[in-house]
Amino acid sequence: MIIGTVTGEVYSTINHPFYDGKKLLIVEKARFDGTPSGDYLIAIDSVGAGVGQEVLVLDEGNGARQIVQSATAPLRSIIVGIIDEVTRNP
Amino acid sequence: MLLGRVIGKVVPCVTCTGLESVPMLWVQPLDKTGKPKGSPIVAADSTRMAGPGELVYYEGGREAAMTLDPVFVPVDHAVVGIVDDVHNS
């Protein structure tokens, strides 16, 4: 899983039927020290995350499809947690 | 998934079984701010509606093939949706 910060939302009308009504969030990946790495991904949300929050993103297809309970969903990235606190021990 | 800009269409005359009549788009990957990042890729179009100039989001890997019907086709990137708007802080 990846730690990142939600920085934005993507709106779409014409999409694959699976994504109808799904909230798409832009998540900026974080470095170990918590600073933004410049890399990002677009993930769907399963926990009610919003812009500005630090989140946990699952970036693996089979696990993601298990969460949405669909064997055929073309899905890889899903937000699975909102982070309260991270303890870093460098 | 990542953002991309459709920069062209690709029309193959001979394709693998399962890829007949699947539209192929030439997509320039974009960074978070919409600037081009990396080399263009050819992606299958699962919306069947995207065209040059449009902002899209695409999936890579195994999940790309899963956007199509049948799903067991040799595809490594696929356009999943056309972007109406992006709100980015």
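This is a selection-by-selection tour of a predicted model with chains A and B.

**Stop 1: chain B, whole.** Hide chain A for a moment. Chain B carries 1 helix and 5 strands. Read from the N terminus, their order is β-β-β-β-α-β. The radius of gyration is 13 Å, close to the 12 Å that the globule rule gives for 89 residues, so chain B is as compact as a globular protein of that length. Align the view to the principal axes: the C-alpha atoms occupy a box of roughly 45 × 20 × 20 Å. Colour by burial next. Of the 89 residues, 37% count as buried. Then draw the contact map. Among contacts in chain B with a separation of 6 or more, 51% come from residues 24 or more positions apart.

**Stop 2: strand 1 of chain A.** Bring chain A back and select residues 2-15, which form strand 1. Follow its pairings one by one.

- Strand 2 of chain A (residues 24-30) runs antiparallel to strand 1, joined by 6 bridges. Pick A:Val6; A:Val27 stands opposite.
- Strand 4 of chain A (residues 54-59) is also antiparallel to strand 1, with 4 bridges. Here A:Ile3 has A:Leu56 as its bridge partner.
- Strand 5 of chain B pairs with strand 1 of chain A across the chain boundary, antiparallel, over 6 bridges. Look for A:Glu9 opposite B:His87.

**Stop 3: outward from strands 2 and 4 of chain A.** Add strand 3 of chain A, residues 36-45. Strand 2 meets strand 3 through 6 bridges, again antiparallel. A:Leu25 and A:Ala43 are bridge partners there. Now zoom to the hairpin between these two strands. It has 5 residues between the strands, and A:Gly34 takes a positive phi near 95°. Move to strand 4. Its antiparallel pairing with strand 5 of chain A (residues 77-82) spans 5 bridges. A:Val57 is bridged to A:Ile79.

**Stop 4: A:Ile67.** Select A:Ile67, in helix 1 of chain A (residues 61-67). Is A:Ile67 buried or exposed? Neither label fits: 20 or more neighbours would make a residue buried and 12 or fewer exposed. A:Ile67 is partly exposed because 15 other C-beta atoms lie within 10 Å. Beyond its neighbours within four places in sequence, its contacts are A:Ser46, A:Ile78 and A:Val80. Set a distance label to A:Gly34, back at the hairpin. The two C-alpha atoms are separated by 27 Å, for residues 33 apart along the chain.

**Stop 5: the interface.** Show both chains. Contacts link 24 residues of chain B with 23 residues of chain A. On the chain B side, strand 1 (2-10), strand 4 (55-60), helix 1 (62-65) and strand 5 each give two or more residues. Strand 5 gives the most, with 9 residues. Colour that side by class: 10 nonpolar, 8 polar and 6 charged.

**Stop 6: the core.** Which residues touch the most other members of the largest nonpolar core? Select A:Ile42, B:Tyr57, B:Tyr58 and B:Val79; these four do, in a core of 44 residues. Strand 5 of chain B (residues 77-88) contributes the most to this core, with 5 residues. In soluble globular proteins, nonpolar side chains tend to be buried together.

**Last selection: B:Tyr57.** Leave out residues up to four places away in sequence. From chain A, B:Tyr57 touches A:Val10 and A:Ile42. From its own chain, B:Tyr57 touches B:Met1, B:Leu2, B:Leu3, B:Val80, B:Gly81 and B:Val83.

Note on methods. Residues numbered from 1 in each chain as written. Chains lettered and ligands numbered in written order. Predicted model: local features only at pLDDT ≥ 70, side-chain atom pairs only at ≥ 80, totals over all residues. Contact = placed C-beta atoms within 7 Å. Core = buried A, V, L, I, M, F, W, Y, C linked by C-beta atoms within 7 Å. Nonpolar A, V, L, I, M, F, W, Y, C, P; charged D, E, K, R; others polar. Pairing = 2+ DSSP bridges. Rg over C-alpha atoms; globule rule 2.2 N^0.38 Å.
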